[in-house]
Structure formats: C-alpha cells, structure tokens
Amino acid sequence: MASKKPARSYSYNRTTGTLHIRSGKLETGYFLDRAGDGWELTKLLDRGTVYTVRAGACNCKGFRSHSRCKHRDALAHMQASGRV
Ligand SMILES: [Zn+2]
C-alpha cells in the first residue's frame, strides 16, 4: 500500500513568538528567534533541541540526509507569505 504523507501546515503565533508545524494530527511547536541572517528554532517541549535555518539550509539530521526538512520548509513558507 502506498503511503501518503499527511499535509503539512504552518502557523506563527506573534503573541508567544512560536512557530507551529502541523503534520496530520501531530503538531510540533518551536520558539522562533532571529539568529544573524537566519533563524533559530528551539523545540517547545525539548529546549535542548535547537535547529538553525539559514540561507535555505538547516542543521537537522533530516536536512543533512535529504537536503530538505520541515524546518526549512516552514521558514520558507512563512517568509514567502510575509508572516515572519
Ligand atoms: Zn531541519
């Protein structure tokens, strides 16, 4: 059976400064901070996990193996729609 990836959606909460990435029923939230010319994403439920997205690249494991990831996609989407 072919597996279909659940649709992703992104939202940014200006009040809390958090970015939320929803994939199907799963939602992951991150504190979003500017880091020089890039962004730093700190996982809400695991503050020891920090990802840096800069110049269309991310330092997470997923990006290193696939050259794309949800963090980079989320930021690209947010910037394209002028939400961050
Ligand atoms: Zn990533």
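In the predicted model, the largest nonpolar core is made of ten residues, namely L19, Y30, L32, W39, L41, Y51, V53, C58, A74 and L75. Two or more residues of this core come from each of β3, β4, β5 and α2. Such a grouping may be set beside a general tendency: in soluble globular proteins, nonpolar side chains tend to be buried together. Among the core residues, A74 touches Y10, L19 and I21, leaving aside residues up to four places away in sequence. Buried residues as a whole make up 14% of the 84 residues in the protein.

Y30, another member of the core, lies in strand β3, which covers residues 26-35. Y30 counts as buried because 23 other C-beta atoms lie within 10 Å, where the cut-off for a buried residue is 20 or more. When residues up to four places away in sequence are not counted, Y30 touches T18, L19, L41, T42, K43 and L44. Across the pairing with β4, Y30 stands opposite K43. By contrast with these contacts, K5 is 25 residues from Y30 in sequence and 21 Å from Y30 in space, C-alpha to C-alpha.

The overall architecture comprises two helices and six strands. From the N terminus on, the elements follow the order β-β-β-β-β-β-α-α. The protein is as compact as a globular protein of 84 residues, because its radius of gyration of 13 Å is close to the 12 Å that the globule rule gives for that length. Along its principal axes, the C-alpha trace spans about 45 × 30 × 25 Å. Of the contacts with a separation of 6 or more, 16% are between residues 24 or more positions apart.

The six strands form an open sheet in the order β1-β2-β3-β4-β5-β6, with antiparallel pairing. Strands β1 and β6 stand at the edges, and each has a single partner strand, so one side of each is left without a neighbour in the sheet. Helix α2 packs on the sheet and touches β1, β2, β4, β5 and β6, while its direction makes about 60° with that of β1.

The pairing of individual strands can be followed from β1 onward. Strands β1 and β2 pair in the antiparallel sense over six bridges. Along this pair, R8 stands opposite S23, S9 has R22 as its bridge partner, and Y10 stands opposite I21. The hairpin of β1 and β2 has four residues between the strands, and G17 takes a positive phi near 70° there.

Strand β2 is also joined to β3, by six bridges, and these two strands run antiparallel. In this second pairing, the bridge partner of R22 in β3 is E27, and that of T18 is F31. R22 is thus a bridge partner of S9 as well as of E27. The hairpin of β2 and β3 has two residues between the strands, with G24 at a positive phi near 65°.

Six bridges likewise join β3 to β4, which run antiparallel. The hairpin of β3 and β4 has two residues between the strands, and here G36 takes a positive phi near 65°. For strands in general, when they are regular, the side chains alternate between the two faces of the sheet.

Helix α2, residues 70-80, has H71, R72, A74 and L75 as its buried residues. These residues lie on the same side of α2, because they cover an arc of only 160° around the axis. The general geometry of helices gives a background to this arrangement: an α-helix has 3.6 residues a turn, so residues three or four places apart point the same way. The cover over the buried residues of α2 includes strands β1 (8-13), β2 (18-23), β4 (38-43), β5 (50-54) and β6 (57-58), together with helix α1 (61-66). Two of the buried residues of α2, A74 and L75, belong to the largest nonpolar core. Just after α2, G82 takes a positive phi of about 70°.

Terms used:
Residues numbered from 1 in each chain as written. Predicted model: local features only at pLDDT ≥ 70, side-chain atom pairs only at ≥ 80, totals over all residues. Buried ≥ 20, exposed ≤ 12 C-beta atoms within 10 Å, placed from the backbone. Contact = placed C-beta atoms within 7 Å. Rg over C-alpha atoms; globule rule 2.2 N^0.38 Å. Arc of directions from axis to C-beta. Core = buried A, V, L, I, M, F, W, Y, C linked by C-beta atoms within 7 Å. Pairing = 2+ DSSP bridges. Axes fitted to C-alpha atoms, helices over the stretch in contact; angles between N-to-C directions.
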